[in-house]
Amino acid sequence: MRYFVMNYENFKPQVMRHSLLPFLLIISLISISCTQKQTSVESPGGVNTIEFLLQDGTPYYTVHHSNTPVVSASRLGFELQEMPGLTNQFEIESTEVSSFDETWTQVWGEKAEVRNHYNELAINLREIEEPNRILTIRFRAFDDGIGFRYEFPEQPNLQEFNIMDELTEFNMIGDHESWWIAAYQWNRYEYLVKNTALAEVDTVVTPFTMKTDNGLHLALHEAALVDYSTMNIEHTGNNQLKANLIPWHDDVLVRASTPFNTPWRTLQIGEKAGDLVESYLVLNLNEPNKIEDTSWIEPAKYVGIWWEMHLDKSTWGPGPTHGATTENAKRYIDFAAEHGFDHVLVEGWNPGWDGDWFADGVVFDFTEPLDDFDLEGVAQYALDNGVRLMGHHETSASVEHYEGQMEQAFQLYEDLGVRAVKTGYVGHGQEIFWTDELGNKNYEWHHGQHMVRHHQEVVELAADHKISLNVHEGVKDTGLRRTWPNLMTREVARGQEYNAWGGGDDVWDGPGNPPNHVTILPYQRSLSGPFDYTPGIVDLFFDEYRPDNRVNHTLAKELALYVTIYSPLHMAADLPENYEERPDALQFIKDVPVDWYDTKVLNGEIGKYITTIRKDRNSEDWYLGSITDEEPREFTFTLDFLNEGESYTAQIYRDSDDADWETNPYGFVVEEMEVTSETEFTVSLAPGGGQAVRFMHVSE
Ligand code: NOJ
């Protein structure tokens, strides 16, 4: 049996793969007949197959896409603290196979109706010898990938336990092209994405995206991370990948007690890059919505006292240029009311924002406003004008301090009619502490089990107060928005703010984000869920405040981001005075919806370009966003997604013929044309450019 495993693991290069395939299939069959203990499950369309193997008591699995091996024999199991590991003592007690097919409705989302269709295989394992513990591994095969999780049933010989290692492997077949962000960095997920061969990958965060030589697109991630440590992916050599869980301060990876389920380990598999974006596998592996009355959960667009601090025009803390004054907030509210924005975010409204606020979050007060900000008056002024405040809790990673005030803080916002709160956890990767009974401060990582538990507590508390969340510097999304639809969006990536003050790194030496950053994100960061990138900067140079920085896009591309990046809370991030200067661009930002009936990717290549179309959930209108890296591009396609025989006006916001992100980023044209589902439509993108289109339904 070892022979079988070794062959699979060594089975790498593309050419060899095809020539060895019949040989491997034969080995695989032999292996089945030898043990009589293996079993496999195929996805409903026969596209993906998972095979379970037990080799000398050790569990393994493989994944095939059609006949192409995707994951070679990969180990499963756990090392535990002060007790034998759940590793190599197993026999299969029983297996269960079932099918599931349901279409469920998202409260909000990129698609209203989501089909959850899979075949399932549950392997119930029992240790041959004492302590005879039991463990179930549940596999689900979907046509867009696979998922599996471990389940520890309630049992006398396994109650409280600590996981010291999760042995799960994802052994890849080939040195795939990879897009990744290294794990365990001080700035959490806020880095540019690297693009290298798998050989150069060490330990990375998920989603971790790969492309095989034969064109398969793969993304490793996890679903339903509720009470566990975040999973990173570690490259152990020879294209073999392994789960790497973020430890607690004492090196325990996960504290658990039975009955207990791990999150799902997921592998999305697509033949095109866009297939990954159109996959709902991660959401499907989460539990259904737990919030009965969701009428208060509203997709929304917002403006706010935010960009001006990032530009250094005003300050978070009190002083002569304090941003969050009553007067300034009312100015933003007036702008929001005039242009139909739903929320006004106000940052820097409370005490604690001294000059070095990220160093010491214990001074934050979440219930008292600063003297020059009339919180109640401003909240009421907003309501009187048909707008709501968006609350802000910057914790500066002083989580224990925040937890002491959370209940009153959410109550206060609820009383003021606030429906959405942006939270923030700025702080180095491993500086979150909790104080134990002995008064010791135990320092934890931002993404370990301690913080996963904290975020879960916040989302449930927020739901009690009818408040939706926009989480910055939190844990990556794993589809929990299906269960808790008030967990609306997150940043947890390098967003727009880096264009205001960010420098380059070893990926890019210019200021801010390079033009191709947003052409990678849909296939990497955004596979995890909605992203509060804060698009819509229309004043692309900041000479007055930050002359060395700029937005490295054309104006049309900033508009296209509202479609290519999905978020049910999207910001119009620029200053009101800048929008007043660009009513042409503002019009698209006002029109574009944030809740969709359907989403499709017309074309795309990771890190190069993407064209996304989305249908409004509340009308017959379609929207298109197309963006490119530094290469100019032209695409022509038929508008066959529009209703047949009906007419539409295409309102086009495009790069001018001489636009260029570097030399002429304001080269911008707004024009209209009448179209139908038979129109051949051409999208032309300037270097670093983009195009946004509203296909406005005119008549049946
Ligand atoms: C970092 C967040 O990403 C940003 O949006 C916010 O303005 C600052 N923290 C202050 O909370």
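Student: Which residue in E18 does Asn232 stand opposite?

Tutor: In this predicted model, Asn232 faces Asn244 of E18. The pair belongs to a larger pattern: strand E17 (residues 231–237) and strand E18 (residues 240–245) run antiparallel and are joined by 6 bridges.

Student: Where do E17 and E18 sit in the sheet order?

Tutor: Read the sheet strand by strand. The order is E1-E2-E3-E4-E11-E18-E17-E14, an open sheet of 8 strands with antiparallel pairing. E17 therefore lies between E18 and E14 in that order.

Student: Which strands stand at the edges?

Tutor: Strand E1 (39–42) and strand E14 (203–204) do. Each has a single partner strand, so one side of each lacks a neighbour in the sheet.

Student: Let's turn to helices. Is H13 buried or exposed?

Tutor: To read burial, look at relative accessible area: under 20% counts as buried. In helix H13 (residues 555–564), 10 of the 10 residues are buried, so the rest of the structure largely encloses the helix. Among them are Leu555, Lys557, Glu558 and Tyr562.

Student: And which residues form the negative surface patch?

Tutor: Asp and Glu count as negative. Here the patch is made by Asp374, Glu376, Glu400, Glu403, Glu407, Glu414, Asp415, Glu457, Glu460 and Asp464.

Student: Which helices each supply at least two residues of the patch?

Tutor: Helix H8 (399–403), helix H9 (406–415) and helix H10 (449–464) do. Glu457, for example, is in helix H10.

Student: Why does Glu457 count as partly exposed?

Tutor: Because its relative accessibility is 44%, and partly exposed covers values between under 20% and over 50%.

Terms used:
Residues are numbered from 1 along each chain as its sequence is written. This is a predicted model: local features need pLDDT of at least 70, side-chain atom pairs count only at pLDDT 80 or more; totals for chains, interfaces and linings use all residues. Side-chain values use heavy atoms; hydrogens and water are left out. Patches are made of residues with over 30% relative accessible area and no salt bridge: like charges are joined within 9 Å, nonpolar side chains (Val, Leu, Ile, Met, Phe, Trp, Tyr) within 5 Å. Accessible areas come from the Shrake-Rupley method with a 1.4 Å probe; for residues, only the protein chains shown count as cover. A salt bridge is a side-chain nitrogen of Lys or Arg within 4 Å of a carboxyl oxygen of Asp or Glu. The place of a charge is taken as NZ of Lys, CZ of Arg, CG of Asp or CD of Glu. Helices (H or I, at least four residues) and strands (E, at least two) are DSSP runs, numbered from the N terminus. Buried means under 20% relative accessible area, exposed over 50%, partly exposed in between (1.4 Å probe, protein chains only). Two strands pair if DSSP finds at least two bridges between them.
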